[in-house]
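Here is my note on the model you asked me to look over, set out as numbered points. Please read it with the structure open beside you.

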Amino acid sequence: MIGAERLRTNGFLVVIAVAALRTMVALEPQVWFADLDPAIDAMPLLAVGLRGSLQFDLLMLGGALAALVGEHRSGRGIDPWMSLLALLPMPVILYHAIGPVPGDAFRGATWLASMVGFVAVAHVVREARMRVIALSVLLGAFAILVTRGAVQLLVEHAATVAEYQRTRSEFLALRGWAPDSSAALTYERRLMQPEATGWFGLSNPFSTLMGVGAVALAAIGLTARRAQQSGNTGLLLLASAACAVLLVVNAGKGAIAATILASAVVASHLLWRRVPRGWVLAVLCGVALAAIAARGAVDAFVGDRFGERSLLFRWYYLEAGARIFADGLHALLGVGPDRVQDAFVSAKPAQCPEDVKSLHSM
């Protein structure tokens with residue numbers, strides 16, 4: 001029989017290794033041809049598809065189970081409420097996974113594996129040496145992500161824009177977009193924005209991780225500075241600053257707002273050994289949602305003349321989400337992890353030009 005210590009250690013290492021790999025590997029449900037004509041570009045995407053993603057999920061779930069069994073057998077105990085919260089969505093995820101849409105199993109399994117993996121890590125890092133291992137992997141992952149983001153901003157973005165401007169007519173014709181259509185204008189607006197996306201393909205998840213990195217690395221560096229005066233702590237603070245720069249350049253309002261709140265919590269703990277009460281943070285999060293609602297109200301009165309679009313589009317997402325939620329069993333079972341776009345198309349406001357795959361508030 002495998003010993004409890006080996007179970008918890010090896011399971012923990014599997015979970016954090018898979019989590020780190022997921023931040024550095026592109027994931028695509030369709031790895032062949034993407035949206036290009038195979039006669040023009042027959043090369044497969046450099047990405048992991050459905051099968052590879054599910055293999056990652058099985059590895060993480062297996063590692064998490066081993067870690068939790070090891071924690072239990074070692075006598076450290078398992079938090080029942082935290083475990084229940086992670087497993088609570090499982091029936092709904094399985095309900096959609098056995099349906100006709102493969103993407104529901106693809107994305108749902110990832111959500112479930114991530115939640116269970118988080119619970120396993122939260123238990124194991126109660127031990128100091130395991131916290132050191134987890135933080136070491138965290139530091140390595142952020143170093144790679146920051147490097148990737150910097151290359152995208154400083155090298156790849158300019159090259160991509162230049163290539164698009166050179167082949168604009170052919171590019172739009174290939175997709176059936178008129179040059180002045182909303183689809184073309186939306187694509188060009190996003191293309192011209194200098195954004196770092198890492199391997200996620202979207203700036204929002206990358207910005208969220210940069211916010212996490214800015215706060216976590218600064219906290220680790222400042223705490224370590226008190227214990228030892230060395231260049232290592234300076235490197236931590238430098239890495240934190242790099243994450244903050246990428247966060248600001250991406251200009252993701254949600255990620256910036258969340259980072260400010262997290263910074264306030266960490267700063268109050270470091271300075272005064274206390275954190276704000278939970279209801280204070282809940283109110284501040286409510287203020288962010290209220291700002292989105294206020295932007296929607298401005299749009300109702302002045303139309304498109306105000307100019308700001310980021311908050312406005314999030315109001316469209318919330319408005320469509322409320323309509324989807326009110327539709328029959330959707331309030332209880334959802335529409336499925338991979339069917340948000342289909343539901344959004346039928347529920348979105350008429351003036352919304354986007355057909356998003358995510359409502360940005362999952």
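1. Does Ala251, at 42% relative accessibility, count as buried, partly exposed or exposed? Ala251 counts as partly exposed because its relative accessibility is 42%, where buried means under 20% relative accessible area, exposed over 50% and partly exposed in between, with a 1.4 Å probe and protein chains only. The residue is found in the loop between α10 (231–250) and α11, and its phi is near 60°, a positive value in a residue other than glycine.

2. Some conventions should be stated early. This is a predicted model, in which local features need pLDDT of at least 70 and side-chain atom pairs count only at pLDDT 80 or more, while totals for chains, interfaces and linings use all residues. Residues are numbered from 1 along each chain as its sequence is written, and side-chain values use heavy atoms, with hydrogens and water left out. Helices (H or I, at least four residues) and strands (E, at least two) are DSSP runs, numbered from the N terminus.

3. A further backbone point concerns Arg273, which has a positive phi of about 55° although it is not a glycine. Arg273 sits in the loop between α11 and α12 (278–302), and it counts as exposed because its relative accessibility is 59%. As background, most residues other than glycine have a negative phi.

4. The packing of α9 on α11 deserves a close look. Helix α9 (residues 203–227) and α11 pack at an angle of about 15°, with their axes 9 Å apart; axes are lines fitted to C-alpha atoms, for helices over the stretch in contact, and angles run from 0 to 180 degrees between N-to-C directions. The two helices, α9 and α11, are therefore roughly parallel to each other, a label given to angles under 35 degrees, whereas those over 145 count as roughly antiparallel, 65 to 115 as roughly perpendicular and the rest as oblique. The crossing of α9 and α11 is right-handed, that is, the near helix is turned clockwise from the far one by less than a right angle, and a left-handed crossing has it turned anticlockwise.

5. On the residues of that interface, Ser207, Thr208, Gly211, Val215, Ala219, Leu222, Thr223 and Arg226 in α9 meet Ala255, Thr259, Ala262, Ser263, Val266 and Leu270 in α11. The residues of the contact of α9 with α11 divide into seven nonpolar, six polar and one charged, where Ala, Val, Leu, Ile, Met, Phe, Trp, Tyr, Cys and Pro count as nonpolar, Asp, Glu, Lys and Arg as charged, and the others, Gly among them, as polar.

6. Thr259 belongs to helix α11 (residues 253–272), and it counts as buried because its relative accessibility is 11%. Leaving aside its neighbours within four places in sequence, Thr259 is in contact (heavy atoms within 4.5 Å) with Gly211, Val215 and Leu247. Ala267 also lies in helix α11, but at 32% relative accessibility Ala267 counts as partly exposed.

7. A second helix pair runs the other way: α6 and α8 pack at an angle of about 150°, with their axes 10 Å apart, which makes α6 roughly antiparallel to α8. The contact is made by His157, Thr160, Val161, Tyr164 and Gln165 of α6 and Tyr187, Glu188, Leu191 and Met192 of α8, and by class it has five nonpolar, three polar and one charged residues. Within helix α8 (residues 182–192), Ala184, Thr186, Glu188 and Leu191 are buried, and the buried residues of α8 pack against α6 (128–166) and α7 (168–175).

8. Turning to the interior, the largest nonpolar core has 22 residues, of which Phe12 and Val121 touch the most other members; such a core is a set of buried Ala, Val, Leu, Ile, Met, Phe, Trp, Tyr and Cys residues joined through side-chain atoms within 4.5 Å. Each of α1 (4–22), α2 (50–73), α5 (102–124) and α6 supplies at least two residues of this core, and α5 gives the most to it, with seven residues. Leaving aside its neighbours within four places in sequence, Val121 is in contact with Phe12, Val15 and Ile16. Apart from this core lies another, of 14 residues, among them Phe142, Val146, Leu153 and Cys243.
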